[in-house]
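The following exercises concern pockets and a bound ligand. Each task is followed by a worked solution.

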Amino acid sequence: MRVVAFHGSPRVDGNTEILLKETLRAISESSCETQLFMLNCMNIKPCQDCGGCEKTGICIVSDDMNEISRAIREADRIVLASPIFFFGLSAQAKIMIDRCQAFWCEKYLLKKPIPAGPHGRKGLLLLVGGMKKEIGIQCAEATAAAFFRTISIPEHRTLSFLGVDAKGAILEHPEALKGAFEAGKDLVKIG
Ligand SMILES: Cc1cc2nc3c(=O)[nH]c(=O)nc-3n(C[C@H](O)[C@H](O)[C@H](O)COP(=O)(O)O)c2cc1C
């Protein structure tokens, strides 16, 4: 089983990263092949809405998104982890998602969804917000759901934590770490 994970926070060793690493630690106990993309360190140009992907489903912009697109296509499981920034996903996550417009064209215009492997395609969304307002989670969830649908991930689970602001504050929430670990185990469970 191939697992592809996206880390959407710019903060090194921050709350999202700690949570994501717990999920990946659980996954590493299985025989899955895992690929982690640290989006903040990658060269991904925002979607230019040039229409270049409409007839082919292939983006004509060449950058680090080439490798990500390949990984998304071959994945059985996708993990998207992001902090809540301004009531939504981080810019790092959103830039990558917008570039999935090429997959949208492939699926909806060319009628070619990404085929699932023997274990199906499933997703996991991890969100951390500093405030206690649910609206950030709701907006991020809506965008992430559109992302998962576009890349032919028909089901995903969401784990979100609010009121976690200072760097590393998630460590004071053992139930969050436990939840992230168990969600990782669950994600790659067969059957
Ligand atoms: C630019 C920016 C915007 C933010 N906007 C929100 C927000 O709208 N809602 C919220 O709950 N937290 C917001 N926060 C707080 C972060 O979600 C919070 O600090 C989170 O723990 C960061 O996760 P990280 O350590 O993985 O980067 C914002 C933080 C930054 C830097």
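**Exercise 1.** How many nonpolar, polar and charged residues does the lining of the second largest pocket have?

*Solution.* The structure is a predicted model, in which local features need pLDDT of at least 70, side-chain atom pairs count only at pLDDT 80 or more, and totals for chains, interfaces and linings use all residues. Residues are numbered from 1 along each chain as its sequence is written, and side-chain values use heavy atoms, without hydrogens and water.

Step 1. Apply the classes: Ala, Val, Leu, Ile, Met, Phe, Trp, Tyr, Cys and Pro are nonpolar, Asp, Glu, Lys and Arg charged, and the others, Gly among them, polar.

Step 2. The lining includes Gly57, Cys59, Asn66, Arg70 and Phe103.

Step 3. The result is six nonpolar, three polar and three charged residues.

**Exercise 2.** Identify the pocket in which the ligand sits and describe the residues around the ligand.

*Solution.* Step 1. The ligand sits in the largest pocket (more than half of its atoms lie within 2 Å of the grid points).

Step 2. Of the 16 residues around the ligand, Ser9, Thr16, Ile84, Val164 and Asp165 come nearest (a heavy atom within 4 Å counts as near).

Step 3. This shell comprises eight nonpolar, six polar and two charged residues.

**Exercise 3.** Which distances separate oxygen atoms of the ligand from N or O atoms of Ser9 and Phe87?

*Solution.* Step 1. For Ser9, a side-chain N or O atom is 2.6 Å from a ligand oxygen.

Step 2. For Phe87, a backbone N or O atom lies 2.7 Å from an oxygen atom of the ligand.

Terms used:
On a 1 Å grid over the protein atoms alone, a cavity is a set of points where a 1.4 Å probe fits but cannot get out, and a pocket is an open set with protein on both sides within 12 Å along at least five of seven lines; lining residues have an atom within 4 Å of a point. A polar contact is a pair of N or O atoms within 3.5 Å; within protein, one must be able to donate a hydrogen and the other to accept it, and residues adjacent in sequence count only if both atoms are side-chain atoms.
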